[in-house]
Protein chains: 2
Amino acid sequence: MQRAAALVRRGCCPRTLGPWGRSQSSAAAEASAVLKVRPERSRRERILTLESMNPQVKAVEYAGIKKPFTEVIRANIGDAQAMGQQPITFLRQVMALCTYPNLLDSPSFPEDAKKRARRILQACGGNSLGSYSASQGVNCIREDVAAYITRRDGGVPADPDNIYLTTGASDGISTILKILVSGGGKSRTGVMIPIPQYPLYSAVISELDAIQVNYYLDEDNCWALNVNELRRAVQQAKEHCNPKVLCIINPGNPTGQVQSRKCIEDVIHFAWEEKLFLLADEVYQDNVYSSDCKFHSFKKVLYEMGPEYSSNVELASFHSTSKGYMGECGYRGGYMEVINLHPEIKGQLVKLLSVRLCPPVSGQAAMDIVVNPPVPGEESFEQFSREKESVLGNLAKKAKLTEDMFNQVPGIHCNPLMGAMYAFPRIFIPAKAMEAAQAHKMAPDMFYCMKLLEETGICVVPGSGFGQREGTYHFRMTILPPVEKLKTVLQKVKDFHIKFLEEYA
Amino acid sequence: MQRAAALVRRGCCPRTLGPWGRSQSSAAAEASAVLKVRPERSRRERILTLESMNPQVKAVEYAGIKKPFTEVIRANIGDAQAMGQQPITFLRQVMALCTYPNLLDSPSFPEDAKKRARRILQACGGNSLGSYSASQGVNCIREDVAAYITRRDGGVPADPDNIYLTTGASDGISTILKILVSGGGKSRTGVMIPIPQYPLYSAVISELDAIQVNYYLDEDNCWALNVNELRRAVQQAKEHCNPKVLCIINPGNPTGQVQSRKCIEDVIHFAWEEKLFLLADEVYQDNVYSSDCKFHSFKKVLYEMGPEYSSNVELASFHSTSKGYMGECGYRGGYMEVINLHPEIKGQLVKLLSVRLCPPVSGQAAMDIVVNPPVPGEESFEQFSREKESVLGNLAKKAKLTEDMFNQVPGIHCNPLMGAMYAFPRIFIPAKAMEAAQAHKMAPDMFYCMKLLEETGICVVPGSGFGQREGTYHFRMTILPPVEKLKTVLQKVKDFHIKFLEEYA
């Protein structure tokens, strides 16, 4: 296990991971493969080594257990279609029509899909998905995104010129952070992120050599964001850096909370007071399950708070094709809306985006269909609605099921999954298990997840990959497996945990 | 013109660019729009300003004239399909089948396309392009890339484990550079790039705060790479930084030269001698036109030079779906092959790639079709070959045509376009024009290109965007317009240039 963990820490490269998720025989092959490379070191010294490489990149930590476990139950990553969720038919029909326009003559595609495909193609250079788009994204798609935001926010205006299409939300988040980071020593930019967080944030902060400023979500209060905790964090941070950015993830990943309107108002007021640039990660905006809560966009609340806020607070909010009910992760589609950006900075942002030419145009097209779905009266509306509601209805069922099952297990406590796609239960780890983990040079929750994987083939991510209060332990598990499979998974985790408690009693 | 240039320098944001490429009336609208935003400054001071932003990002320069001129002849960017080139039918058929698998039952798609689509889908999570792939890319696609490289290089082995699929070649180049850059002061990493260069390199070097080390290509010798010039550059660089990386673009962008085998051998020996990590940008490997030259991959030459080189020299080479005969820029597909990478660095590289999850899976699929095209005996072979040869045959014609036309113009000298997709002619700018440019606070070649655009609607990129020897002036023009249109373009440039010489005689 020690070797496996070491290899996982080494970046969990599929080819060097060893037995976990593979047969022992292939594991042996792996082992020898790992050994085979050793002699290379006796060769002429490499130019690029751990010593000579970029130290910021070396410092990047990325939640350990990811990709490699293709042959086990991958409850570790929010990849809906990999877990069997079917693509939304309408979305794929439009994409196919855009990809191979000869199909526009085919009677087997609905008119509303053809209409959208024609509209997208007419806005592409040479009427082709194969041309570069403007670096900010295809114009008519940015218009559709703006119209979507206006509808979503009950009429609050959105300007297509403030919309930037991106390569998934990750690209937008790292681009905005890249522009924001500056200064040295005590004036180095501080970026406030929730703990637990989605590890993209800590990774990009490390890459940019910025200062990570943690604020803790309140686990005892369903992972709510408490403004007093923000105050504590920013005050402490000011002693050693210049806090300039506040990142919020709502609905929360990995924590699944959905913030109240009041909480969002408080956060916006705090950002205004402390002169912080707001980053609102809202990729789970369609994934809200509890009947007693609802998604409020930061943009909408900002406007409802009046001109002092709506014309001053700088806000970038992010959305993606990867989550919601469509789960189109592979197309890497996304957008960001950036408001109150200084006019001179807009040019700088577009320049920065131009260096990478443009986001994938197929991903932009996928984003267009997400923000411009069939409407009542259109041919595909009925099927689209059925498919959408079926996905979201199932997720709501599975969210409740997961919460209930976990809370039946002694030594596991799970907050309600109000939104997003994950459970982040707190697990009790006995002293003896802590010692065993230490003996394996592993964090206790990494040790727990490794054992779980070994004994059940279920792959989850230890809480230490997201951050958690000192002395508390968690893991993140997706609720994406089909209901029956999820029940089995939860039962296996339950049995494993009870056995684990006995083993280390 | 002054305002336009200023706006262009500001990053040529489509909405703020002004008259060039738009009607004067809309230009007026632009102007007032530009004025309207001024008052914002009287507002509460922004958090993100030119003063507070990331200085490395501010320092990024990106070849000015790009996207905005959608209504003019966009001879400024290598975007084949935007200039009317038709996609390769087979490629789009496979892509459509992967996008909407119901089409696998359709009799209107050829069997060989279906075979490839099934193979790709079987390797995707949930058999869907909508799932994340491994961060390094879909396994079977990496295998196809390795097989392609082995075929291309006459049997020189390629290991799928050394293949990384990327979001276009740009993504691979910036990722490798990001890992390579380290040190401070005199030990800061120096990155050697050709002058003229493709501006991605200078932009990424600036973003990473690395040291740009220029080596000049020999214009008098058809833009050949001369190793003595590399020696001069590296010796000089050692006085103020640590030269660690050598970037080569072959075939050349913007210069169009194709390097001889001998030259590549010399470069590899130099890299070995000077302990430099080699970056070989080979995205134009299919774009070679002169009968008297041929593409040699750095990988192949490296192996043919024997084990001392093939087992020691660290080389990353890059390819893309965007150029060649397919011109699929919008899918952002690409790969890099990295050899002799230190085993510990592999894990670091995969970790870094994991942060952005994965490259667009549709782009990966496009890459697969490029490296795994129809073969003799397959249903689509004949049509595929016809389409491919027609594109490459036309490009060869247009390369010769462009060279000949330019060289008929007094005050223009153009080296042979041996490869790639661009002419980079040298232009004589009279003293009076220099003064006029200075009066407009513009580089002389920027002034020239602005006038060309104003008077002919032809958009080309000034040589200063790529770098050129002090006191010489050039512009880059693509040869992508259809033959008849290209003839008109060249005639217009000719007439403009003669008029320009008279005006400023």
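Buried area here is the accessible area that two parts lose on being put together, summed over both. In this predicted model, that yardstick can be applied to the two domains within chain A and then to the two chains.

Start inside chain A. The domain assignment splits this chain into domain 1 (73-80 + 382-503) and domain 2 (89-371), and the centres of the two, taken over C-alpha atoms, lie 27 Å apart. Their contact draws on 31 residues of domain 1 of chain A and 32 residues of domain 2 of chain A. Put together, domain 1 and domain 2 of chain A bury about 2,700 Å², with carbon and sulfur atoms giving 58% of that. On the domain 1 side, Asn415(A), Met418(A) and Phe466(A) are the residues that lose the most area to domain 2 of chain A, and together they make up 25% of what that side buries.

As for polar links between these domains, 13 residue pairs are in polar contact across the interface of domain 1 and domain 2 of chain A. Two elements of chain A, helix H15 (381-407) and strand S10 (422-423), each give two or more residues to the side of domain 1 that touches domain 2. H15(A) has the largest share of that side, with nine residues. Sorted by class, the domain 1 side that touches domain 2 of chain A comes out as 17 nonpolar, eight polar and six charged residues. Charge pairing is sparse by count: there is one salt bridge between domain 1 and domain 2 of chain A.

Helix H15 of chain A also holds a salt bridge of its own. The side chains of Arg386(A) and Glu382(A) pair up at 2.8 Å, N to O. These two residues sit four apart in helix H15 of chain A, so about one helical turn separates Arg386(A) from Glu382(A). Side chains of opposite charge can pair when their charged atoms come close. Over all chains, the salt bridge count comes to 48.

Now for the pair of chains. Chain B lands on chain A after a rotation of 180 degrees with 0.0 Å of shift along the axis, at an RMSD of 0.0 Å. The two copies are therefore related as by a two-fold rotation axis. In chain B, Ala96(B) has the C-alpha nearest that axis, at 2.5 Å. Both copies use the same surface, given that 99% of the contact residues of chain B turn up again in chain A.

How many residues of chain B are in contact with chain A? The contact involves 102 residues of chain B and 101 residues of chain A. About 9,100 Å² is buried between the chains, and carbon and sulfur atoms give 59% of this area.

Four salt bridges cross the interface of chain B and chain A. In one salt bridge, the side chains of Lys178(A) and Glu207(B) come together at 2.6 Å, N to O. Polar contacts across the interface of chain B and chain A link 38 residue pairs. Several helices of chain B supply at least two residues each to the side that touches chain A, among them H3 (55-59), H4 (89-99), H7 (168-180) and H8 (200-207). H13(B) gives the largest share of that side, ten residues. By class, the side of chain B that touches chain A has 45 nonpolar, 30 polar and 27 charged residues.

Notes:
Residues numbered from 1 in each chain as written. Chains lettered and ligands numbered in written order. Predicted model: local features only at pLDDT ≥ 70, side-chain atom pairs only at ≥ 80, totals over all residues. Heavy atoms only, no water. Least-squares fit on C-alpha atoms with pLDDT ≥ 70 in both. Contact = heavy atoms within 4.5 Å. Buried area = accessible area lost by both parts, 1.4 Å probe. Polar contact = N/O pair within 3.5 Å; in protein donor to acceptor, adjacent residues only side chain to side chain. Nonpolar A, V, L, I, M, F, W, Y, C, P; charged D, E, K, R; others polar. Domains from an automatic or database assignment.
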